[in-house]
Structure formats: structure tokens, C-alpha cells
Amino acid sequence: MSLGAGLRAAIEGDRFRVVFQPQYRLEAGRLVGAEALVRWHDPELGDVSPSRFIPAAEEAGLIVSINDIVMAKVLAQIALWRMRGLEPPRISINVAAQQLREPGFVDQLCRRLEQQGVPAGAICLELTEGTLLEDIDGTARMFERLARQGIAVSIDDFGTGYSSLSYLSRLPVHELKVDQSFVQGIAGEAGKRSIIVAIVEMAHALGIEVLAEGIETESQLAFLKERHCEMGQGYLFHRPLVVEEFEKLIPPAR
Ligand code: G
Ligand code: G
Ligand code: MN
Ligand code: NA
């Protein structure tokens with residue numbers, strides 16, 4: 001079976017699950033969020049990594065459907081937590097630029113939030129930088145609409161794409177996610193350290209917070225704290241967790 005056919009069957013058969021990777025404020029060590037990440041177990045293919053099937057889904061024109069399923073699952077989960085008296089931290093959801101460009105995206109998202117009784121501040125949308133630049137004016141308009149609704153936006157994999165710094169000043173963005181390749185180069189590569197320092201300084205000059213991904217060691221953490229990177233996620237804290245494990249980390253509501 002091809003990946004594309006497998007993905008179609010998985011969409012039909014509701015075979016996707018969502019895991020949550022905790023995000024921390026580095027200085028205080030406090031849980032401030034989580035990234036929702038999709039997982040796919042296929043009866044024939046076994047566990048397929050998103051790094052394989054997300055590109056395949058993009059090619060097959062299925063990424064919007066899959067992201068939509070993830071979005072629905074996350075909103076339903078947040079609603080369930082809130083019903084049980086838990087106040088989950090902000091959940092970041094990966095969104096394709098393609099999806100953002102669909103007419104009615106923001107309206108539909110707001111409607112779903114309302115239906116589920118989930119406040120806009122409970123989620124954050126993660127977008128990768130490359131595709132946003134293709135239509136900078138359209139992107140700016142869309143981000144402004146999201147900002148008006150109180151929905152935060154984060155730029156994922158920052159530093160790996162075109163990283164035109166000037167476009168950032170035109171977009172209402174709340175957070176930059178420093179790509180893990182830079183974090184993993186902290187110990188050995190002066191160039192990677194310099195890029196992190198430059199990203200943090202530039203972000204702060206624009207009033208944007210920074211989250212580092214892929215933190216695996218104490219020395220990476222120490223460097224990032226010293227350079228005033230606000231937040232982070234990575235194996236040092238937790239791997240992506242199934243719902244039952246993640247919710248144990250949510251402190252009881254006051
Ligand atoms: O979780 P993992 O490291 O295997 O993910 C690999 C890549 O797949 C990451 O870049 C991650 O952002 C992406 N990914 C994971 N879940 C989703 C999702 O729900 N939607 C999209 N578009 N990408 C995802
Ligand atoms: O591109 P995106 O930021 O969405 O990718 C997040 C991916 O990175 C997830 O698939 C997650 O499993 C993976 N990841 C998260 N933390 C670490 C880490 O500390 N080390 C490594 N190697 N991968 C990580
Ligand atoms: Mn992401
Ligand atoms: Na990333």
C-alpha cells in the first residue's frame with residue numbers, strides 16, 4: 001500500500017492520535033504550554049513518523065484534512081479538560097499556510113472554539129516561515145484577523161528558511177520557535193550559538209518571545225537561559241506524551 005492510500009484510509013478510519021509535548025518557561029521552570037503532534041499507527045505499515053507522512057500528505061493534497069482532524073481532536077480535548085475542572089496550558093497546533101489561505105479559516109476556527117466553549121487564548125497556531133512569505137500581504141491580513149480574535153501565532157522552524165527579518169516587523173507574531181538544529185549545535189558550533197543569540201535579540205527588539213525546540217541537555221538549557229530565551233521544549237523536559245501522561249502535569253485549577 002502506498003503512503004497516500006494509507007493516509008486516505010487513516011483519515012476514513014480515524015486512525016490518527018495526538019500527543020502533547022510540554023513547553024516550559026525556562027527561568028521559572030513552569031509549564032506554559034504544549035505542542036500537539038500527530039501520530040499515525042497503521043495496521044499494515046506500523047507506526048509511521050510524521051517526518052515521513054506529513055510531506056507525503058502535503059504532496060497528496062491531504063495535509064489540510066489531517067491538520068483539520070488534529071485541530072478538532074485538540075479542541076475537543078481542551079473542552080474535556082475544562083469540563084473536568086482542569087486548566088490546560090496553551091496548546092500549540094501546527095497549521096499549513098495552505099490552510100490559512102482557505103477562505104473562512106478564521107471564521108470556522110472561531111465558530112469551533114465557541115461551539116466547544118474554548119477561549120481563543122487556549123490555543124496558538126504554529127506556522128513554518130517559508131510558505132508565509134509567498135504572499136506576505138495576505139499573510140499579514142490573516143495574522144491581524146487572528147490577533148483581533150485573540151489567537152496567538154508562532155513561527156515554527158525559525159532560522160531554517162528564508163528568514164527575511166524585515167517581514168517579521170510586518171506581522172503580528174507572538175512567538176518564534178528556534179529550530180532544534182540550532183539548539184543541538186550549541187555545544188559544538190559557534191555559528192549556531194551566534195544564530196540563536198541573533199534570533200533572540202531580534203525577536204526581543206520586535207516584542208516577540210522565543211521558544212527553543214529540541215533541548216536535550218542541561219548545558220543547552222543553561223546557554224539558552226543565559227541568553228534570555230524565554231521558553232523551551234525538548235527531551236530534557238519531556239518527550240511528546242499521550243493524553244493520560246500529559247494531563248498529570250496540569251496543576252489543579254485554583
Ligand atoms: O513529532 P515529530 O518530530 O515526529 O514530527 C515531525 C514533523 O512533523 C515536525 O516538523 C512536526 O511539526 C510535524 N508535525 C507533527 N504533527 C503535525 C501536525 O499535526 N500537522 C502538521 N502539519 N505537522 C505536524
Ligand atoms: O517541526 P516541529 O517543531 O513541529 O517538530 C517538533 C518535533 O521535534 C516533534 O516531532 C518532536 O517529536 C521532536 N522533538 C521534540 N523535542 C526533541 C528533542 O529534544 N530532540 C529531538 N531529536 N527531537 C525532538
Ligand atoms: Mn511545530
Ligand atoms: Na520546528
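Strand β7 (residues 175-178) and strand β8 (residues 209-212) are paired in the parallel sense, with four bridges between them. The model in which this pairing appears is a predicted one, and the predictor assigns the complex an ipTM of 0.96 and a pTM of 0.96. Across the protein chain the pLDDT averages 94, and 98% of the residues reach a score of at least 70. Where pLDDT is low, the predicted coordinates should not be read in detail. The points below take up the strands, then a pair of helices, and then the surroundings of two ligands.

**Strand pairing from β7 to β9**

- Within the pairing of β7 with β8, Lys 177 is found opposite Leu 211, a residue of β8.
- Strand β8 also pairs with β9, again in the parallel sense, and this pairing runs over two bridges.
- Between β8 and β9, Ala 212 has Gly 232 of β9 as its bridge partner.

**Strand β1 and its partners**

- Strand β1 (residues 16-25) runs antiparallel to strand β2 (residues 30-42), and the two are joined by ten bridges; one of the residues involved is Val 18, whose bridge partner in β2 is Val 38.
- Together β1 and β2 make up a hairpin in which four residues lie between the strands, and Gly 29, which belongs to the turn, has a positive phi of about 70°.
- Strand β1 is also paired with strand β9 (residues 231-232), in the antiparallel sense and over two bridges, and here Tyr 24 stands opposite Gly 232 of β9.
- Gly 232 of β9 is therefore named in two pairings, since it stands opposite Tyr 24 and is the bridge partner of Ala 212, while β9 pairs in the antiparallel sense with β1 and in the parallel sense with β8.

**Packing of helices α3 and α5**

- Helix α3 packs with helix α5 (residues 105-116) at an angle of about 30°, and the axes of the two helices are 10 Å apart.
- Because angles under 35 degrees count as roughly parallel, α3 and α5 are roughly parallel to each other, and their crossing is right-handed.

**Surroundings of ligand 1**

- The residues around ligand 1 include Leu 37, Val 38, Ser 49, Pro 50, Ile 63, Asn 67 and Asn 94.
- At least two residues of this shell come from each of β2, α2 (50-59) and α3 (63-83).
- By class, the shell around ligand 1 consists of seven nonpolar and four polar residues, with no charged residue.

**Surroundings of ligand 2**

- Ligand 2 has 14 residues around it, of which Glu 213, Gly 214, Glu 216, Gly 234 and Tyr 235 come nearest.
- The shell around ligand 2 is divided into four nonpolar, six polar and four charged residues.

Note on methods: Residues numbered from 1 in each chain as written. Chains lettered and ligands numbered in written order. Predicted model: local features only at pLDDT ≥ 70, side-chain atom pairs only at ≥ 80, totals over all residues. Near = placed C-beta within 6 Å. Nonpolar A, V, L, I, M, F, W, Y, C, P; charged D, E, K, R; others polar. Pairing = 2+ DSSP bridges. pLDDT = per-residue confidence, 0-100. Axes fitted to C-alpha atoms, helices over the stretch in contact; angles between N-to-C directions. Parallel < 35°, antiparallel > 145°, perpendicular 65-115°, else oblique. Left-handed = near helix turned anticlockwise from the far one by under 90°.
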